[in-house]
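Below are some notes on the model you sent round. They are set out as numbered points, to be read beside the coordinates.

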Amino acid sequence: MSSENPFVERKSDHWYDDEGNPLHKDNETIFNLADAKKLIAQGKSANPSVTTITKGYIPKPELDNWIKQQILLSSLTTPRLDGQTEKEWVDSIVTSSKEQATKSAEYGTAIHDYIADNYLAICESRADRVFPDYFTESNFLENGVGEKLQFLDDWLFHNLNHKLIWAEKSFANKIKYISNKQYNDDNCHSPAIKFDEYGYGGRRDMLLDCSDRHLLIDIKTVETKMVKKQSTKKGVVVKEWNEPSKIVPYDEWIIQLGAYASATIIPSLTCANLVISRNENRIELIEHHEETIKWGFRVFCDVLKTYYDFNSLGVK
């Protein structure tokens, strides 16, 4: 499962102006769709983030299964209290499962921040580190965070030690759609052709200069597991062992990277997911073929237009 919280909308950047600056109301209130519509009605810009656009429009069977598992696991550790109605008991189970989802989301956000703040120091073998608030002393002691971060440092130093161009960089991008039906190959450059512009924004995790190419990275935190393998001879098990399960990128990851790549105008661009396990010392860099990213962008364009139409957002 990705680090996205399926239950709680985080206080992060969901809307951007045309310069790529995050839109906020204040420190405690999330800038939402209603606020965006007010700005657009005033002739100002408000561009939804990539994750805001895809949320609810892209099927996420793995995430749905994970949510169900958290509810089932919570039911095993949340006993029904004396005098508690069935509805109250069920509500307490759901509340407990939401707490686990929130912890997973917070851990994913903290890992993003840690890499962005410390990548240069890691690559230069410097000891100084900036730790997100999430990584408190209790977390270090209770959850083995110190060991996990040391593993992350070592992996980045030996496997992804490249020149950092930027990290956590926000942006805004526009996609044009032909709005009238008189378009054909003969008049495609005619001034009579009208376009609608659909804007979106976001925050890209990292762009690295790898000498022969540029690497656009989107970081994901997931739960991983070991799977049991067997070899048999004449129907008899002769050997058993455990090995890491394969990490398969979700469609949503590729669709996000397609949107980010379209807004990243730089030669020789390769897109990849840096996948970090929450429960094991395991990290993988999954690079995507150019045609795969193009597919992701085509799907995103369709979802983008659907999001604008469904939410009655004005277009320019």
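The points go from the overall make-up to the cores, then to helix packing and single residues.

1. Overall make-up. The model is predicted, not experimental. Its protein chain holds eight helices and nine strands. Of the 316 residues in the protein chain, 41% are buried. Among contacts between residues at least 6 apart in sequence, 68% join residues at least 24 apart.

2. Largest nonpolar core. This core has 33 residues, and the members that touch the most others are Trp-15, Tyr-200, Phe-300 and Leu-304. Two or more residues come from each of helix 1 (33-41), helix 2 (50-54), strand 3 (163-178), strand 4 (195-209), helix 7 (251-262) and helix 8 (290-310). The greatest share, seven residues, is given by helix 8.

3. Phe-300. Which residues does Phe-300 touch, not counting those up to four places away in sequence? They are Val-50, Ile-53, Thr-54, Ile-175, Tyr-200, Ile-255 and Ala-259. Tyr-200 also appears with Phe-300 among the core members that touch the most others.

4. Second core. Apart from the largest nonpolar core lies another one, of 26 residues. Its members include Ile-111, Ile-122, Leu-152 and Leu-208.

5. Helix 7 against helix 8. The axes of these two helices are 7 Å apart, and the packing angle is about 90 degrees. Helix 7 is therefore roughly perpendicular to helix 8, since angles of 65 to 115 degrees are classed that way. On the helix 7 side, the contact is made by Asp-251, Ile-254, Ile-255, Leu-257, Gly-258, Ala-259, Ala-261 and Ser-262. On the helix 8 side, Thr-292, Ile-293, Trp-295, Gly-296, Phe-297, Val-299 and Phe-300 take part. By type, the residues of this contact are ten nonpolar, four polar and one charged.

6. Gln-256. This residue is placed in helix 7. Is Gln-256 buried or exposed? Its relative accessibility is 2%, so Gln-256 counts as buried, the limit being under 20%. Beyond its neighbours within four places in sequence, Gln-256 is in contact with Val-50, Thr-51, Asp-218 and Lys-220. Val-50 is also touched by Phe-300.

7. Asn-118. Helix 4 (residues 86-123) contains Asn-118. With a relative accessibility of 1%, Asn-118 counts as buried. Once its neighbours within four places in sequence are set aside, the contacts of Asn-118 are with Asp-128, Arg-129 and Val-130.

8. Cysteines. How many disulfides does the model have? The count comes to zero. Cys-210 is buried, at a relative accessible area of 9%. Cys-301 is likewise buried, at 11%.

9. Val-222 and Val-275. Strand 5 (residues 214-222) includes Val-222. Val-222 counts as buried, because its relative accessibility is 4% and the limit is under 20%. Its C-alpha atom is separated by 7.0 Å from that of Val-275, although the two residues are 53 residues apart along the chain.

10. Glu-290 and Thr-270. Glu-290 belongs to helix 8. The residue is exposed, with a relative accessible area of 53%. The C-alpha atoms of Glu-290 and Thr-270 are separated by 7.2 Å, and the two residues are 20 residues apart along the chain.

11. Positive phi at Ser-268. Ser-268 is not a glycine, yet its phi is positive, at about 50 degrees. The residue sits in the loop between helix 7 and strand 8 (269-277). Its relative accessibility is 48%, so Ser-268 counts as partly exposed and not as exposed, which would need over 50%.

12. Positive phi at Ser-312. Ser-312 is not a glycine either, and has a positive phi of about 55 degrees. Where does Ser-312 lie? It is in the segment after helix 8. Ser-312 is exposed, its relative accessible area being 58%.

Methods: Residues are numbered from 1 along each chain as its sequence is written. This is a predicted model: local features need pLDDT of at least 70, side-chain atom pairs count only at pLDDT 80 or more; totals for chains, interfaces and linings use all residues. Side-chain values use heavy atoms; hydrogens and water are left out. Helices (H or I, at least four residues) and strands (E, at least two) are DSSP runs, numbered from the N terminus. Buried means under 20% relative accessible area, exposed over 50%, partly exposed in between (1.4 Å probe, protein chains only). Contact means heavy atoms within 4.5 Å. A nonpolar core is a set of buried Ala, Val, Leu, Ile, Met, Phe, Trp, Tyr and Cys residues joined through side-chain atoms within 4.5 Å. A disulfide is a pair of cysteine sulfur atoms within 2.5 Å. Axes are lines fitted to C-alpha atoms, for helices over the stretch in contact, and angles run from 0 to 180 degrees between N-to-C directions. Angles under 35 degrees count as roughly parallel, over 145 as roughly antiparallel, 65 to 115 as roughly perpendicular and the rest as oblique. Ala, Val, Leu, Ile, Met, Phe, Trp, Tyr, Cys and Pro count as nonpolar, Asp, Glu, Lys and Arg as charged, and the others, Gly among them, as polar.
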